Amino acid sequence: MARRVLDIEASALRELADSLDGDFCKAIDLIEGLKGRLVITGMGKSGHIAKKIAATFASTGTPSFFVHPAEASHGDLGMIGKDDAVLALSNSGETPELSDIIAFTRRFNVPLIGMTRKSESSLAKQSDCPLVLPASPEACPNKQAPTTSTTAMLALADALAVTLMERRGFSADDFRTFHPGGKLGQRLLHVHDVMHGADSLPLIARDALMSEALVTMTGHSFGCVGVLGDAGELIGIVTDGDLRRHMADNLVAMKVGDVMTAGPKVTHVDALAVEALAIMNDRSITALFVLDAAGIPVGLVHIHDLLRSGVA
């Protein structure tokens, strides 16, 4: 039974993909050109789907919100502005509770996109962009409970939202703007969001003595010190591991350049924090210097910073 349900709904989605036509493109153009917001409405199960669709649009660059059709008839029509558009969901296209919203859009020239399975329904006929779903059977045994139809509505709205994202060049940075909390927001943090700035970096010249380097390393508590070349560029790093390798030598009297590890792994300010974490995990290190385009150190990101921010 479970596989049969999934097969029915999967088949409906394939049929839906094959049915996309000029009205879908017209709806995309309409939503993309909106000066206001996309108001989404529906009753019953369609209403529950509409709420999720509104959340999807809002989080992917299309200002959107849900209006309950019954509440619209009692004052919430005032939430719909002249620069907005309405996306109305109704399997039958004859949902009585939608009548006032439909009439409002016609009276005040608010664009209406109707999503329904009935091409001859009132909703489809009144819509500026009728999005007609294939008449695929519902997956429940008596063919009554909204199952296939609500899945198709959700999928078609996802197609609209993602197409708009691609048209607008909606980036990971844009996505993070609307998802600052939770694991998703943490995964989209950049290095510059978590790094220590230039004024707190442990840096030393390669000609300095290791006695100086030890003082600098101890004073900053990062477990490392960056080594600078003549132009202020990062040319190496001295870590706890380098200290252990030279412990048998007269370490404090040695030059930093003789102890350092040249060509250390680094990152840049616009890299994702998870990319910095991947480098640390791959090389079994706990800190990365952050360089600008000229190779000058401008920051440092430590594994503890990634742990505190929830990236690691």
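This report covers the core, a helix pair, two strand pairings and one buried glycine.

The model is predicted: local features need pLDDT of at least 70, side-chain atom pairs count only at pLDDT 80 or more, and totals for chains, interfaces and linings use all residues. Residues are numbered from 1 along each chain as its sequence is written, and side-chain values use heavy atoms, leaving out hydrogens and water.

Some terms come first. Helices (H or I, at least four residues) and strands (E, at least two) are DSSP runs, numbered from the N terminus. Strands pair if DSSP finds at least two bridges between them. Contact means heavy atoms within 4.5 Å. Buried means under 20% relative accessible area, exposed over 50%, and partly exposed in between, with a 1.4 Å probe and protein chains only.

**The core**

A nonpolar core is a set of buried Ala, Val, Leu, Ile, Met, Phe, Trp, Tyr and Cys residues joined through side-chain atoms within 4.5 Å. The largest one here has 29 residues. I40, F57, L87 and L89 have the most contacts inside it. Helix 7 (148-168) supplies at least two residues. In fact, the largest share, seven residues, comes from helix 7. L87 touches residues including I40, I53, F57 and M115, not counting those up to four places away in sequence.

**Helix 1 against helix 7**

Helix 1 (residues 2-19) packs on helix 7 at an angle of about 45 degrees, with the axes 10 Å apart. Axes are lines fitted to C-alpha atoms over the stretch in contact, and angles run from 0 to 180 degrees between N-to-C directions. Among the contact residues are I8 and L16 of helix 1 and T148 and L156 of helix 7.

**Strand pairings**

| Strands | Bridges | Direction | Facing residues |
|---|---|---|---|
| Strand 4 and strand 5 | Four bridges | Parallel | M115 and L131 |
| Strand 9 and strand 10 | Two bridges | Antiparallel | G236 and A262 |

Strand 5 has a covered face, C129 and L131, and an uncovered one, P130 and V132.

Strands 9 and 10 belong to an open sheet of four strands, ordered 7-8-9-10, with mixed pairing. Strand 7 (203-205) and strand 10 (261-262) each have a single partner strand, so one side of each lacks a neighbour in the sheet.

**A buried glycine**

G42 lies in strand 1. G42 counts as buried because its relative accessibility is 1%. G42 touches residues including G47, V67 and L98, not counting those up to four places away in sequence. The C-alpha atoms of G42 and V67 are separated by 8.0 Å, though the two residues are 25 residues apart along the chain.
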